[in-house]
Amino acid sequence: MTVTTESVRSALEQAAPERNKIESHLNPVGSFDVADHPVPTGREEIWRFSPLKRLKGLHAEAPFNPSTTSCTWNTPEGVRIEGVSGDEARSLRGISGLVPNTRFAARVLAEVPASLLVDVPADLEVAEPIVVSLDGEDASNTEAGHVAMRFGAHSKAIVVINHEGSSAMAAVVEIVVGDGADVTVVSIQDWADDAVHLAHHQARVGRDATYKHAAISFGGDVVRMDANVTYDGPGGSAELLGLYFADAGQHIEHRLFADHNAPHTKSNVVYKGALQGEGAHTVWIGNVLIRKVAEGIETYEENRNLVLTDGCRADSVPNLEIETGEIEGAGHASATARFDDEQLFYLQSRGISEKEAQRLVVHGFFNDLIRQVGVPSIEERLLSTVEAELAKNVLKDLAAFGQDD
Amino acid sequence: MSKLEITDLHVTVDTEDGPKEILKGVTLTIADGETHAIMGPNGSGKSTLAYSIAGHPKYAITGGTVTLDGQDVLAMSVDERARAGMFLAMQYPVEVPGVSVSNFLRTAKTAIDGEAPKLRTWVKDVNAALEQLNLDPSFGTRNVNEGFSGGEKKRHEIAQLELLDPKVAILDETDSGLDIDALKVVSEGVNRFRAREGKGVLLITHYTRILRYIEPDYVHVFVDGKVAESGGKELADQLEAEGYDRYLKANA
């Protein structure tokens with residue numbers, strides 16, 4: 001099994017050559033043994049952006065209590081979805097090739113007695129999205145979950161995991177995409193304001209398979225999600241999408257790692273976020289590693305942040321390490337900006353009010369991405385959630401104006 | 001009725017060396033139904049005049065007045081100016097990613113009229129406007145100015161002019177960068193607008209070429225931030241023959 005970690009050098013390391021000899025601290029070597037993962041202090045590269053004090057101990061020693069979060073799902077024909085425990089649950093730990101590189105992920109694999117299994121057999125094309133709804137009740141209850149998704153060769157399916165309500169949850173989601181399969185996994189974090197969510201999503205993409213992962217974060221006090229991809233043969237393609245909207249005091253952190261460990265693989269990363277309100281903080285860390293063996297690969301990653309008010313902070317760090325020059329293409333872009341005055345001027349010069357112009361620009365900013373997610377049944381919801389987020393701040397006056405009751 | 005009066009307009013921009021005066025006392029009246037051409041060398045302040053009247057935040061008005069039918073334009077916000085009947089066709093229209101042309105046009109029309117246009121007639125009007133400017137109906141689904149060719153951007157500006165139907169249109173070098181076919185199409189659009197009752201046009205251009213298709217009532221030569229000479233369309237012919245050298249030498 002490949003450990004997906006040795007050598008992604010961070011931009012920081014490149015800026016400080018004397019530290020180059022250190023094994024990567026961005027993606028520390030993994031281990032299933034919890035004892036190999038000391039409790040993070042916040043000085044570690046992979047933890048330095050996260051507000052540890054607000055994690056309710058999920059990163060450290062918090063007990064994983066019996067869950068108070070309800071979990072429901074639909075079961076399209078031919079698909080097996082159920083909670084499993086005992087040997088079957090144990091056999092699912094690490095099926096994605098995941099070797100935990102964080103204490104919480106190691107603890108989830110070691111301590112959580114059950115797994116939710118989503119099993120889509122080979123060649124089955126599931127037309128209807130599989131929706132798994134998690135609805136939390138208690139933000140003081142620290143709990144943990146493991147989800148294993150197995151998509152057989154040449155199957156086609158969409159899975160939406162929907163998080164709402166209150167919880168303090170550590171979660172590991174493992175995804176195995178069979179050869180030639182076409183899989184979309186959407187994770188929506190629409191938590192209540194007091195929720196804490198620490199998640200690791202790990203996917204292994206089969207030969208010539210197509211995998212799309214969309215991380216959509218609106219609600220929660222702290223949401224941190226690591227979304228990683230490795231390949232299980234040549235020709236696999238991964239699209240990692242993200243959309244987030246941070247309000248006052250919220251911390252939303254997305255980290256991703258595309259590990260090109262096979263030739264002729266592709267990764268395309270687009271994360272877009274908006275921030276509003278005092279203390280809104282977003283973090284995006286985009287790690288891409290092109291290993292020596294990964295000739296002829298193509299990768300592009302992009303993060304854009306739109307800062308709507310004062311008092312926000314957006315961290316954006318793309319890291320690209322290339323061990324072979326024999327590639328089709330590799331690139332990255334990162335931009336964090338306020339409203340573009342020229343765009344607003346153009347729209348206003350057509351009679352559109354400043355607020356309405358801002359609304360158009362923000363919707364436009366997210367529109368293409370929402371279309372790229374490509375799940376029609378949630379498109380409308382995402383658009384209206386963006387609208388609701390805007391109403392909190394940018395459009396406060398407009399919203400009041402619209403409510404003539 | 002539409003009457004745009006610019007009186008002794010002074011405008012500065014901030015530069016690294018402090019504020020720099022660009023407009024040094026511009027006085028110009030565009031009465032009901034008139035078309036005025038402003039011609040001048042690069043850097044004379046023509047575009048500054050256009051953007052100042054439209055209310056671009058980069059420009060600081062330090063003196064003078066601008067009124068539209070007696071209303072104080074300079075006291076209005078950018079969108080209020082547009083709703084009062086001003087329109088600026090820009091030299092470099094701005095990209096607005098993710099916002100479709102049809103959504104943009106409908107939002108603008110709703111803002112200008114104060115109510116949403118009637119769906120059936122509006123779709124017909126938009127399609128007709130696009131077609132007259134040789135723009136494919138699928139143009140409406142594209143994002144505003146994103147990936148448009150230079151000619152498409154200018155034709156899109158004129159489509160907006162016809163659909164939004166302002167009182168006074170300021171065209172800032174709408175002819176620049178257009179080939180002769182596109183120039184004809186754009187000019188026809190401007191002429192359709194001019195044929196409507198009482199419309200004023202301020203046509204800013206570096207070249208006399210467009211004046212063969214859009215015949216101005218008055219021509220003003222703009223040099224060093226003010227009007228150096230005014231006349232009829234024969235002044236354009238004179239400029240065509242002699243260029244701007246005479247004014248620049250006098251200025252130096």
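Trainee: What makes domain 1 and domain 2 of chain A count as being in contact?

Mentor: In this predicted model, 22 residues of domain 1 of chain A are in contact with 18 residues of domain 2 of chain A. The criterion is that the C-beta atoms of two residues, placed from the backbone, lie within 7 Å. The domains themselves cover residues 11–338 and 340–405, and their C-alpha centres lie 28 Å apart.

Trainee: Which elements of domain 1 of chain A give two or more residues to the side that touches domain 2 of chain A?

Mentor: Strand 5 (156–177), strand 6 (182–191), strand 8 (210–219), strand 10 (237–246) and strand 12 (266–275) of chain A do so. By class, that side of domain 1 of chain A has 15 nonpolar, four polar and three charged residues.

Trainee: How many residues of chain A are in contact with chain B, and which helix supplies the largest share of that side?

Mentor: There are 22 residues of chain A in contact with 20 residues of chain B. Helix 4 (341–348) and helix 5 (354–373) of chain A each supply at least two residues of the side that touches chain B. The largest share, 10 residues, comes from helix 5 of chain A. The residues of this side of chain A divide into eight nonpolar, eight polar and six charged.

Trainee: Why is chain A called as compact as a globular protein of its length?

Mentor: Chain A contains seven helices and 16 strands. Its radius of gyration is 21 Å, and the globule rule gives 22 Å for 405 residues; the two values are close, so chain A is as compact as a globular protein of that length. Along its principal axes, the C-alpha trace of chain A spans about 60 × 50 × 45 Å.

Trainee: What share of the residues of chain A count as buried?

Mentor: Of the 405 residues of chain A, 50% count as buried. The test is that 20 or more other C-beta atoms lie within 10 Å of the residue's own.

Trainee: Why are strand 2 and strand 5 of chain B called edge strands?

Mentor: Four strands of chain B form an open sheet in the order 2-1-4-5, with antiparallel pairing. Strand 2 (18–30) and strand 5 (71–72) of chain B each pair on one side only, and they are the edge strands.

Trainee: How do you know that strand 4 and strand 5 of chain B pair?

Mentor: Pairing requires at least two bridges between the strands. Strand 4 (residues 59–68) and strand 5 of chain B have two bridges, in the antiparallel sense, so the requirement is met.

Key
Residues numbered from 1 in each chain as written. Chains lettered and ligands numbered in written order. Predicted model: local features only at pLDDT ≥ 70, side-chain atom pairs only at ≥ 80, totals over all residues. Domains from an automatic or database assignment. Nonpolar A, V, L, I, M, F, W, Y, C, P; charged D, E, K, R; others polar. Rg over C-alpha atoms; globule rule 2.2 N^0.38 Å. Buried ≥ 20, exposed ≤ 12 C-beta atoms within 10 Å, placed from the backbone.
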